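The exercises below concern secondary structure, burial and backbone torsion. Each has a task sentence and a worked solution.

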Amino acid sequence: MSTLPPAGPARPRHATLSGSRQRAERDHAVLSAGAAAVLLASSVLLAAPGSASAQTVRPTTPGSSAFTAPQAAVPNPGLVQVAGPSPYKLPDDAASAQAFVAMAPNLLPAAAPAATPEPEPEPEPTPAPAPAPGWSAPVPDAPTSNPYGVADSEYAAGYHTGVDFAVDPGTPVLAVGDATVVSARWDGAYGKEVVLRLTDGHFAQYAHLSALSVSRGDHVPAGERVGLSGSTGNSTGPHLHFEIRTSNRYGAVINPIAYLSGHGVTAF
Ligand SMILES: [Zn+2]
């Protein structure tokens, strides 16, 4: 029992040991701090631009590396996978044997250009109101230069017996309806003249023509050329003098514009 050390002295030894351990831990902490500083310095050196070590920094910028899948094994981060010449399928293709290949966005095949939409068809120009079948203006869309019915002492009737259209010489003049050619000849003050008998019994007269395109007895459909405009006969200048007559004689006339309008012709 005398070998047992007294309880008293053990406490100071423990305290001394404990103090030593504390010093050791303190020294270790200092060493650790120093090592950290060295490591930090090493890191700085590794990252120094221009050094060989700097080139081992792993690419982290999205799109700069082929290995963008987080869990993908990266055998050598310095390599950039290049698409080979052999055909491959995209990862979303379940049937592909190479579905595991993660492709960088900048290496993916260029998306097929969006199909060019068919160009909108040009809107058809609004057609002029079509005349009723079988009817035409004598010179479509030509302006009138002298209307029907105005007082004019130059005419035996005392007024203008037709309508004048201002057209250049040589403009085709058309049958206003299906008709038979009554006459195609020179007719005094009217110069070269064509008279048609329309299917409804009215007569159409074309005067001051430069050329005749039909002969007496011809049958002509609406829109057929019967001659070319001119300035023959008693005319002060190139124009078409056009009349509608109720019978084939001078002065038996009606308003030709009103007559053609009644048949759906509006191209004046
Ligand atoms: Zn006239």
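Helices are DSSP runs of H or I of at least four residues and strands are runs of E of at least two, both numbered from the N terminus. The model is predicted.

**Exercise 1.** State how many helices and strands the protein has, and give their order.

Solution. Counting the runs gives two helices and 11 strands. Reading from the N terminus, the order is α-β-β-β-β-β-β-β-β-β-β-β-α.

**Exercise 2.** Determine what percentage of the residues is buried, and what percentage of the contacts joins residues at least 24 apart.

Solution. The cut-off for a buried residue is 20 or more other C-beta atoms within 10 Å of its own. In this protein of 268 residues, 21% meet that condition. For the second part, take the contacts between residues at least 6 apart in sequence; 58% of these join residues at least 24 apart.

**Exercise 3.** Locate Asp141, give its phi, and decide whether it is buried or exposed.

Solution. Asp141 lies in the loop between α1 (7-47) and β1 (144-146). Its phi is near 70°, which is positive although the residue is not glycine. Exposed residues have 12 or fewer C-beta neighbours. Asp141 has 10 inside 10 Å, so it counts as exposed.

**Exercise 4.** Do the same for His208: which element holds it, what is its phi, and is it buried or exposed?

Solution. Strand β6 (residues 203-209) contains His208. The phi of His208 is about 65°, again a positive value in a residue that is not a glycine. Because 26 other C-beta atoms lie within 10 Å, His208 is buried.

Definitions and conventions
Residues numbered from 1 in each chain as written. Predicted model: local features only at pLDDT ≥ 70, side-chain atom pairs only at ≥ 80, totals over all residues. Contact = placed C-beta atoms within 7 Å.
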